[in-house]
Amino acid sequence: MSKTAASLAFARFESGGRQEWLMRIGAEDAPAILLVPPLFEEMNRTRALLASVMRRLAAQGFGCWLPDLSGTGESERGLGEASWDDWRHDVTAASAYVTEKAGKPLIASVRGGVLLDDGAGARGWWRFAPADGLALQRDMVRAGLAGVEWAGYAPSDALKAGLAGATQAEVTPLRTLRLETDTQPADLKIDAPALWRRSEPGTSDALADALAADLAKWSRACAG
Amino acid sequence: MAAAPNDGIEIETTLRAVLVDVLGLDKARVAGFREETPLFGALPEFDSMAVAGLLTELEDRLGILIEDHEVDADMMETFGALLTFARTKALT
């Protein structure tokens with residue numbers, strides 16, 4: 001940790017006529033990294049991890065931004081009102097807001113967040129443990145086999161349909177990280193627990209260290 | 001897809017590793033699980049999202065495909081039941 005505590009701030013950004021929230025850790029005008037969080041329950045389960053990655057990056061002089069997607073977090077809408085296109089638009093609008101303050105961000109997306117990150121302006125992309133929409137939808141349906149439909153979430157049919165058809169889009173430059181247990185190819189494999197799978201995930205200092213170090217390096221490589 | 005584990009011991013090792021990873025349980029505790037150790041309904045960590053995670057991780061690591069109709073509380077009730085299910089899927 002740096003000697004000065006990283007500043008935490010909230011900003012409102014406009015997306016499709018709605019006002020949504022961005023959380024920021026680090027200076028507003030510092031080289032920006034925009035995080036796109038996982039979806040549904042995985043978002044909650046990785047919140048502590050993402051915040052601890054953001055704090056580490058802020059201590060190295062980056063400004064880290066994390067949007068609340070429409071219908072989640074502090075958003076004034078209900079999840080049932082949000083569509084898949086709203087979510088994609090939220091990421092694009094958040095990126096435009098950050099660009100105005102600090103120049104084009106590096107976009108760092110995690111799990112299902114990778115399905116939303118390609119319409120936004122960025123100087124580069126970084127993806128951790130990408131999941132495709134069909135696999136995420138299947139997880140939610142399977143949660144229902146244990147008696148709790150969609151693990152208690154009630155998204156609109158339009159959002160469910162958008163999710164089911166979503167795959168990662170090609171973007172460039174892109175760096176992809178996966179867990180050791182994931183058999184698909186990646187630029188770097190990390191030996192760490194799948195915190196988004198756990199009901200009481202907490203965070204992992206080792207994983208946060210590894211992700212922050214890799215992000216800092218890649219962000220500098222994409223300084224253009 | 002990973003090379004599918006080809007014997008019963010390897011499947012048991014994989015199942016214990018998945019339980020550690022998905023449920024966030026202590027390795028030593030899971031190493032002590034016996035056939036009759038109760039799982040679903042007995043462990044607070046084993047919630048509905050954990051069921052989804054467990055099935056998906058087993059599919060990925062054992063190279064199997066689990067149909068929704070094969071999933072019920074009985075096949076996850078004990079460590080032994082889950083191990084039998086995994087072995088049957090992976091070895092036949």
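# Notebook: helix contacts and buried residues

**Entry 1, where the two chains meet.** I began with helix α3 of each chain, and I found that A:Arg138, A:Asp139, A:Met140, A:Arg142 and A:Ala143 in α3(A) meet B:Ser48, B:Met49, B:Val51, B:Ala52, B:Leu55, B:Thr56 and B:Glu59 in α3(B). Sorting this contact of α3(A) with α3(B) by class, I noted 6 nonpolar, 2 polar and 4 charged residues. I remind myself that I am reading a predicted model.

I then looked up the geometry, since two packed helices are described by the angle between their axes and the distance between the axes. The axes of α3(A) and of helix α3 of chain B, residues 48-62, come within 7 Å and cross at roughly 125°. The two helices are therefore oblique to each other, and I recorded the crossing of α3(A) and α3(B) as right-handed.

**Entry 2, one residue of chain B.** I picked out B:Ser48, whose place is in helix α3 of chain B. Is B:Ser48 buried or exposed? With a relative accessible area of 12%, B:Ser48 is buried, because buried means under 20%. Not counting residues up to four places away in sequence, B:Ser48 touches A:Ala143, A:Ala146, A:Val148 and A:Ala151.

**Entry 3, the loop between α3 and α4 of chain A.** One of those partners, A:Ala151, led me to the loop between α3 and α4 of chain A, where A:Ala151 has its place. A:Ala151 has a positive phi of about 50° although it is not a glycine, and its relative accessible area of 18% makes it buried. A:Trp150 is also found in the loop between α3 and α4 of chain A, and I wrote down that its phi is near 50°, a positive value in a residue other than glycine. The relative accessible area of A:Trp150 is 6%, so I entered this residue as buried.

**Entry 4, the nonpolar cores.** I turned next to the nonpolar residues, keeping in mind that in soluble globular proteins nonpolar side chains tend to be buried together. How many residues does the largest nonpolar core have? I found 38, and those with the most contacts inside this core are A:Leu22, A:Leu39, A:Phe40, A:Trp84, A:Trp87, A:Leu116 and A:Leu163. At least two residues of this core come from each of β1 (8-15), β3 (32-36), α2 (84-102), α3 (133-145) and α4 (157-164) of chain A. The largest share, 7 residues, is supplied by α2(A).

I followed A:Phe40 further and, leaving aside its neighbours within four places in sequence, I listed its contacts as A:Leu79, A:Trp87, A:Met140, A:Trp150, A:Tyr153, A:Pro155, A:Leu159 and A:Leu163. Apart from this core lies another, of 34 residues, among them A:Cys64, A:Ile190, A:Trp196 and A:Ala216.

**Entry 5, around strand β7.** I looked up A:Leu179, which has its place in strand β7 of chain A, residues 174-179. A:Leu179 is buried, with a relative accessible area of 5%. Setting aside residues up to four places away in sequence, A:Leu179 touches A:Phe128, A:Lys189, A:Ile190, A:Ala192, A:Pro193, A:Ala194 and A:Trp196. I also checked A:Leu179 against A:Ala216, which is 37 residues apart from it along the chain, and found their C-alpha atoms separated by 19 Å. In the loop between α4 and β7 of chain A I found A:Pro173, and the peptide bond from A:Thr172 to A:Pro173 is cis, with omega near 0°.

**Entry 6, helix α5 of chain A.** My last stop was helix α5, residues 205-221 of chain A, where A:Asp214 is found. A:Asp214 counts as buried at 7% relative accessibility, and, without residues up to four places away in sequence, it touches A:Trp126, A:Arg175, A:Leu177 and A:Leu188.

Which helix angle did I note for α1(A) and α5(A)? Helix α1 of chain A, residues 41-59, packs with α5(A) at an angle of about 50°, with their axes 9 Å apart. That makes α1(A) oblique to α5(A), and α1(A) passes α5(A) in a right-handed crossing. From α1(A) the contact is made by A:Leu49, A:Ser52, A:Val53, A:Arg56 and A:Leu57, and from α5(A) by residues including A:Asp205, A:Leu207, A:Ala208 and A:Ala216. I divided the residues of the contact of α1(A) with α5(A) into 9 nonpolar, 1 polar and 3 charged.

How values were computed:
Residues numbered from 1 in each chain as written. Chains lettered and ligands numbered in written order. Predicted model: local features only at pLDDT ≥ 70, side-chain atom pairs only at ≥ 80, totals over all residues. Heavy atoms only, no water. Core = buried A, V, L, I, M, F, W, Y, C linked by side-chain atoms within 4.5 Å. Buried < 20%, exposed > 50% of the residue type's maximum accessible area, 1.4 Å probe, protein only. Helix = DSSP H or I, 4+ residues; strand = E, 2+ residues; numbered from the N terminus. Contact = heavy atoms within 4.5 Å. Axes fitted to C-alpha atoms, helices over the stretch in contact; angles between N-to-C directions. Parallel < 35°, antiparallel > 145°, perpendicular 65-115°, else oblique. Left-handed = near helix turned anticlockwise from the far one by under 90°. Nonpolar A, V, L, I, M, F, W, Y, C, P; charged D, E, K, R; others polar.
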